[in-house]
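Subject: Handover of a structure and findings

Dear colleague,

Please find below the structure I am passing on to you. I would be grateful if you could read the notes beneath it with the coordinates open.

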Amino acid sequence: MHDATANSARTWSLGRLLPRLMFLSLLLDLVLRFVPLDPLTFRAWEAMLRRYPNAVGPFIPNKHYHRDNSYGGVASIGNLPALRHYHSVDFTTDADGFHNPPALAQGNPMGIVIGDSFAVGSELPEEQSLSAQLTQRFGAYFYNAGGPQPLRLRSLETVVQRLHLHRGLVIFEFLEARAFEDPPAATADGGRGAAQAFFFRAMGRDWTDRFRTPLNELHASPLRALSAKLGKKIQDDTLLPNSFASFVIQERLRNGEPIVFLPAELKSPSDPQKAAKRWAAYLAWYSTELAKDGLDLVVLLVPNRSTIYTPLLAQPPDVSASRATLEDFADALENAGVATVSLRDRYVHDARILLDQKKYLYFLDDIHWNGEGTADAADEIFKARK
């Protein structure tokens, strides 16, 4: 009897229990990565990103996502339900894993839109995405090839071949915040160093694309997402203080409307001219390579939401550094011979006019532009290419 009690105590000791719990947590995390994330998500992006290599594009192919009460990521990060702006979301992917609803697709495309989540338009009604709005204005189809990162040259060439696009436009959406990043290497796969370039070449074009998104998103753990969701339920300033609120900046526009920012939105690079020259050199190379296939590159220079809306706060801060960054990039791209459409002046003008109507170019609870913002962008591109 004594031996049985001792064995039972050893079985439930911390030294035995903790390793087992860690193993079970690891196993559960692994299993959940192969389970659809829809029940844990409030936006299309998290639910639709691929977790394993089954398509060239960054999203799960041939899938439709719908949610009636989606809301902005910044409000979620700060755990601020009162600042959410709920809206309906539909997100449909094609067979290659890009955000292109069949109802809007057409043959003989005129161009391709590449870039990050702004180009994807994951929070917009599908007919208001940048590619859809360009299709309306030009009267010819623009294919949406947006993803977590703008496509590398070889990846874009894959899309061009699949679409049988021989001549046309490539719209490269470039957000101001990308000024903090180094451009990819000026190689077809964007590989840095001989080893990485060899690895990409060895995998081949399709499999490089198939693995790129899953590898980039490997850190996205469903178990962690579930834990964060439970933590936010508890830290509601009733049961426990909301520690998540410190991750965002809460402000108020001069029309009285609350708006919430991420701290990173308010930052500018220490040497914007140096960053602009590096990116201009890369995009000039990118443009030259595309021209060999009869494709014209247009860089769409998109300001951060903070650059447009912090001057309209009740107590506006200085945004001269952001203005200087956008000017440096526009000048560097022009000097490098890269066709550029800058949205800053149009956005500054329209944001001021729309403010009194309580209409906006960006979501107040998210970093992304809304339908008004994409409409302005499509207008400016259309005017520049007429």
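The notes below go from the whole chain to its sheet, its cores, two helices and a few single residues.

Overall picture

Please bear in mind that this is a predicted model. The chain holds 15 helices and nine strands. It has 386 residues, of which 49% count as buried. If one takes the contacts between residues at least 6 apart in sequence, 75% of them join residues at least 24 apart.

The sheet and the helices on it

Five strands make up an open sheet, ordered 4-3-5-8-9, with parallel pairing. At its edges are strand 4 (142-144) and strand 9, each of which pairs on one side only. The average turn between neighbouring strands of this sheet is 25°, with direction ignored. Within the sheet, strand 5 and strand 8 run parallel and are joined by eight bridges. Phe172 has Val299 of strand 8 opposite it.

Helix 7 packs on this sheet and touches strand 3, strand 4, strand 5 and strand 8; the direction of helix 7 makes about 150° with that of strand 3. Helix 13 also has contacts here: it lies across strand 5, strand 8 and strand 9, and runs at about 165° to strand 8.

The nonpolar cores

The largest nonpolar core consists of 35 residues, and Ile112, Ile114, Leu156 and Tyr286 have the most contacts inside it. Two or more residues each are supplied by strand 3 (111-114), helix 7 (153-163), strand 5 (168-175), helix 11 (272-291), strand 8 (295-302) and helix 13. Helix 11 gives the largest share of this core, with nine residues. Leaving out residues up to four places away in sequence, the contacts of Ile112 include Phe142, Tyr143, Leu156, Val159, Val160 and Ile171. There is also a second, separate core of 34 residues; Phe118, Phe142, Ile171 and Ile259 are among them.

Helix 11

Does the length of helix 11 fall in line with what is expected, or is it at odds with it? Its 20 residues, at 1.5 Å a residue, should span 28 Å, and the end C-alpha atoms are 28 Å apart, so the two values agree. The buried residues of helix 11 include Trp279, Tyr282, Leu283, Tyr286 and Leu290. Strand 3, helix 7, strand 5, strand 8 and helix 13 are among the elements that cover the buried residues of helix 11.

Helix 14 and the loop after it

For helix 14 (residues 344-355), 12 residues at 1.5 Å each should span 16 Å; the end C-alpha atoms are 16 Å apart, in agreement with this. Its buried residues are Arg344, Tyr347, Asp350, Ala351, Leu354 and Leu355. Because these cover an arc of only 135° around the axis, they are on the same side of helix 14. The cover over them includes helix 12 (305-309), helix 13 (320-335), strand 9 (339-342) and helix 15 (371-385).

Leu354, in helix 14, has a relative accessible area of 12% and is therefore buried, the limit being under 20%. Apart from neighbours within four places in sequence, Leu354 is in contact with Lys359, Leu361 and Glu372. Leu354 and Glu372 are 18 residues apart in sequence, with their C-alpha atoms 9.8 Å apart in space.

Tyr360 belongs to the loop between helix 14 and helix 15. Is Tyr360 buried or exposed? With a relative accessible area of 9%, Tyr360 is buried. Not counting residues up to four places away in sequence, Tyr360 touches Leu253, Asn255, Glu257, Tyr309, Leu355, Asn370 and Glu372. Of these, Asn370 is 10 residues from Tyr360 along the chain, and 7.7 Å separate their C-alpha atoms.

Two asparagines with positive phi

Most residues other than glycine have a negative phi. Asn62 has a positive phi, near 55°, and so does Asn79, at about 55°. Asn62 is found in the loop between helix 3 (44-48) and strand 1 (64-70), whereas Asn79 lies in the loop between helix 4 (73-77) and strand 2 (87-92). Asn62 is exposed, with a relative accessible area of 60%; Asn79 is buried, with a value of 9%.

With kind regards

How values were computed: Residues numbered from 1 in each chain as written. Predicted model: local features only at pLDDT ≥ 70, side-chain atom pairs only at ≥ 80, totals over all residues. Heavy atoms only, no water. Helix = DSSP H or I, 4+ residues; strand = E, 2+ residues; numbered from the N terminus. Expected span 1.5 Å × (residues − 1). Buried < 20%, exposed > 50% of the residue type's maximum accessible area, 1.4 Å probe, protein only. Arc of directions from axis to C-beta. Contact = heavy atoms within 4.5 Å. Core = buried A, V, L, I, M, F, W, Y, C linked by side-chain atoms within 4.5 Å. Pairing = 2+ DSSP bridges. Axes fitted to C-alpha atoms, helices over the stretch in contact; angles between N-to-C directions.
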